[in-house]
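Got the viewer open? Here is a short tour, stop by stop, with something to select each time.

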Amino acid sequence: MTIHKEGYKTIGIAALIFGLINIASFIFISDSYPKTAAIIFIASVLVFLFIVSFFRIPYRSLTKGEREVICPADGKVVVIEEIMEEEYFNDKRLQVSIFMSPANVHVNRNPVSGEVVYNKYHKGKYLVAWHPKSSTENERHSVVIRNDKGEVLVKQIAGALAKRIVNYLSIGQEVHQGNELGFIKFGSRVDVILPLSAKVTVQLNQMVKGGVTVLAIL
């Protein structure tokens with residue numbers, strides 16, 4: 001396991017706060033209230049480890065396939081439905097949405113290889129990630145990757161806790177399946193918009209792994 005670069009600053013600040021809290025606890029509390037000082041230490045260690053876990057990148061064997069669309073994020077499948085997609089395609093498409101909890105791995109990966117033909121950031125609200133309108137009203141970053149099998153749109157969507165979306169792609173860039181697409185701090189939601197002809201291979205409420213689980217076949 002490694003720590004993602006997006007976590008260095010946050011972890012550093014958390015470590016500083018952790019140190020200051022426990023130094024103060026040792027100086028002012030430990031002599032008179034040793035149990036309280038111990039509780040403060042244990043609680044602060046747990047919070048610090050939880051923050052570190054937000055930015056973990058576990059080692060895993062990534063799935064590859066020309067026709068396969070691989071899950072771009074860890075989490076739970078919360079939506080599989082036909083929609084009228086109005087941001088880029090302006091026609092009917094299949095939407096598969098993955099909810100990322102704070103406990104999930106937060107790095108997002110390219111579901112397919114190809115050329116980035118669309119990349120746009122949208123300001124918006126911070127509705128809870130499972131809200132039906134979060135796909136169109138929340139802060140989000142949309143990218144479309146095109147190859148000879150078709151086009152796939154991926155939306156990184158902010159939620160009530162996740163208020164920083166990072167996207168590493170740019171228009172015209174050639175990307176490879178499984179490489180990093182971006183990062184959403186503290187979880188949220190990722191939508192994958194597919195052609196109607198795609199065969200979805202996941203089910204509602206299924207737990208999936210980014211870069212590993214096959215989401216659909218083009």
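Start by selecting Val200, which stands opposite Ala216 in strand 16. Strands here, like helices, are DSSP runs numbered from the N terminus (E, at least two residues, for strands; H or I, at least four, for helices). Before moving on, keep in mind that this is a predicted model, where local features need pLDDT of at least 70 and side-chain atom pairs count only at pLDDT 80 or more, while totals for chains, interfaces and linings use all residues. Residues are numbered from 1 along each chain as its sequence is written, and side-chain values use heavy atoms, with hydrogens and water left out.

Now show strand 14 together with strand 16 (residues 214–217): 2 bridges join them, and they run antiparallel. Two strands count as paired if DSSP finds at least two bridges between them. Widen the selection to the open sheet of 3 strands, in the order 3-16-14 with antiparallel pairing. Its edges are strand 3 (68–70) and strand 14 (199–200), each pairing on one side only.

Next stop: strand 5 (residues 91–100). Of its 10 residues 8 are buried, so the strand is largely enclosed by the rest of the structure. (Buried is under 20% relative accessible area, exposed over 50%, partly exposed in between, with a 1.4 Å probe and protein chains only.) Colour strand 4 (residues 75–85) as well; 9 bridges join it to strand 5, and the two run antiparallel. Glu82 stands opposite Leu94 in strand 5. Then bring in strand 13 (residues 188–194), which pairs with strand 5 in the antiparallel sense over 7 bridges; look for Ile98 opposite Val190 there.

Go back to the hairpin of strands 4 and 5. It has 5 residues between the strands, and Asn90 takes a positive phi near 60 degrees. Select Tyr88 and Phe89: their ring centres are 4.9 Å apart and their planes at 85 degrees, so this pair is edge-to-face. (Rings of Phe, Tyr and Trp, the last by its six-membered ring, pair if their centres lie within 6.5 Å; planes under 30 degrees apart are stacked, over 60 edge-to-face, the rest tilted.) Phe89 is buried at 12%, whereas Tyr88 is partly exposed at 22%. Add Arg93, whose charged end sits over the ring of Phe89, 3.8 Å from its centre. (That takes NZ of Lys or CZ of Arg within 6 Å of the ring centre and within 35 degrees of the ring normal.)

Last, select Phe18, Phe41 and Phe48, which form one aromatic cluster.
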